[in-house]
Amino acid sequence: MKIVRRGSAAWSGGIKDGKGSVSTESGALNAYPYGFAARFEDKAGTNPEELLAATHAGCFTMALSLILGEAGLTAEEMKTEAKVTLEKVADGFEITAVHLSLTAKVPGADQAKFEELAAKAKAGCPVSKVLKAKITLDATLAA
C-alpha cells in the first residue's frame with residue numbers, strides 16, 4: 001500500500017517582512033498564515049516546527065494505539081505533547097530534538113509494559129523514522 005498526502009506553502013516577500021500561508025489537501029489548513037514573526041518572535045500564525053510537533057504527536061499516539069491493540073489493550077484516553085527544538089548551528093538552523101510527553105489511561109496496563117509499548121511506538125512511528133533529531137519520551141500511565 002502506498003499513500004500520498006499533499007500539503008503546500010506559498011510565500012511572498014523577504015524572509016523577515018514576507019508573508020506565507022500553508023494549506024493541506026484535506027482543507028484542515030487553508031491558506032493559514034505563517035512567517036518569520038510566528039517562527040522566531042511568538043507572533044500570530046503558525047510555523048513549521050509547530051506543525052511538525054502536532055504531526056509527530058498525532059503519529060506517535062496513533063502508532064501507540066495500534067501497538068496497545070496488538071497487546072490486547074485499549075486506551076481510555078491518551079494525550080501527547082511534542083516539543084520541537086530549533087537551534088542555531090554553524091550552517092544555519094536545525095531541528096535538534098523532539099520530546100514527546102504522553103499521559104494515558106490504559107486499563108489493564110502496568111507502568112513497565114506501558115513504557116515498553118510506548119518506546120516501541122516512538123521508534124516505529126513513521127514521523128519518528130523520518131527525523132534525524134534526537135527523540136525522547138516521557139510516558140506516564142494515569143490511574
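Let me begin with the core: the largest nonpolar core holds 28 residues, and those with the most contacts inside it are Phe60, Leu64, Val98, Leu102, Val106 and Phe114. Two or more residues of this core come from each of H2, strand E4 (77-89), strand E5 (92-105), helix H3 (111-124) and strand E6 (134-141). The largest share belongs to H2, which supplies nine residues. Please keep in mind throughout that what we are looking at is a predicted model.

For orientation, let me step back to the chain as a whole. The chain contains four helices and six strands, and, read from the N terminus, these elements follow the order β-β-β-α-α-β-β-α-α-β. The C-alpha trace spans about 55 × 35 × 30 Å along its principal axes. Of the 143 residues in the chain, 31% are buried. If we take the contacts with a sequence separation of 6 or more, then 51% of them are between residues 24 or more positions apart.

Now, back to the core, and to one of its residues in particular, Phe114, which has its place in helix H3. Is Phe114 buried or exposed? Its relative accessible area is 1%, and because the limit for calling a residue buried is under 20%, Phe114 counts as buried. Setting aside residues up to four places away in sequence, Phe114 touches Leu64, Leu102, Ala104, Val106, Ala139, Thr140 and Leu141. Among these partners, Leu64, Leu102 and Val106 appear again in the list of core residues with the most contacts. There is also a distance to mention here, from Phe114 to Leu73: the two are 41 residues apart in sequence, while their C-alpha atoms lie 9.9 Å apart in space.

A second residue that I would like to show you is Leu68, found in helix H2, which covers residues 48-70. Leu68 is buried as well, with a relative accessible area of 1%. Which residues does Leu68 touch, not counting those up to four places away in sequence? They are Leu73, Ala75, Met78, Val106 and Leu117. Val106, then, is in contact with Leu68 and also with Phe114. As for separation along the chain, Leu68 and Ala118 are 50 residues apart in sequence, yet their C-alpha atoms are 8.6 Å apart in space.

Helix H2 also holds a charged residue, namely Glu49, and here one may ask whether Glu49 is buried or exposed. The relative accessibility of Glu49 is 8%, so Glu49 counts as buried. Its contacts, again leaving out residues up to four places away in sequence, are with Arg39, Val84, Leu86 and Ile95.

Let me turn to the pockets, starting with the largest, in which there is about 240 Å³ of space. The residues that line this pocket are Arg5, Arg6, Gly7, Ser8, Val22, Ser23, Thr24, Glu25, Ser26, Leu29 and Leu51. Strand E1 (7-12) and strand E2 (19-24) are the elements that give two or more residues to this lining, and E2 gives the most, with three residues. Divided by class, the lining of the largest pocket consists of three nonpolar, five polar and three charged residues.

One of these lining residues, Ser23, deserves a moment of its own. Ser23 is found in strand E2, and its side chain reaches the backbone nitrogen of Ala31 at 2.7 Å. Apart from neighbours within four places in sequence, Ser23 is in contact with Gly7, Ser8, Leu29, Asn30 and Ala31. Of these partners, Gly7, Ser8 and Leu29 are themselves among the residues lining the largest pocket.

The second largest pocket has a volume of about 160 Å³. Its lining is made up of Thr55, Gly58, Cys59, Met62, Ala63, Pro126 and Val127, with H2 and helix H4 (126-130) as the elements that give two or more residues. Which element gives the most to this lining? That is H2, with five residues. By class, the residues lining the second largest pocket are five nonpolar, two polar and no charged, whereas the lining of the largest pocket includes three charged residues.

To close, let me return to helix H2, which has come up in several places. H2 provides the largest share of the largest nonpolar core, gives the most residues to the lining of the second largest pocket, and is also where Leu68 and Glu49 are found.

Definitions and conventions:
Residues are numbered from 1 along each chain as its sequence is written. This is a predicted model: local features need pLDDT of at least 70, side-chain atom pairs count only at pLDDT 80 or more; totals for chains, interfaces and linings use all residues. Side-chain values use heavy atoms; hydrogens and water are left out. Buried means under 20% relative accessible area, exposed over 50%, partly exposed in between (1.4 Å probe, protein chains only). Contact means heavy atoms within 4.5 Å. On a 1 Å grid over the protein atoms alone, a cavity is a set of points where a 1.4 Å probe fits but cannot get out, and a pocket is an open set with protein on both sides within 12 Å along at least five of seven lines; lining residues have an atom within 4 Å of a point. Grid points are joined across faces, edges and corners, and a volume is the space filled by probe spheres set on the points. A nonpolar core is a set of buried Ala, Val, Leu, Ile, Met, Phe, Trp, Tyr and Cys residues joined through side-chain atoms within 4.5 Å. A polar contact is a pair of N or O atoms within 3.5 Å; within protein, one must be able to donate a hydrogen and the other to accept it, and residues adjacent in sequence count only if both atoms are side-chain atoms.
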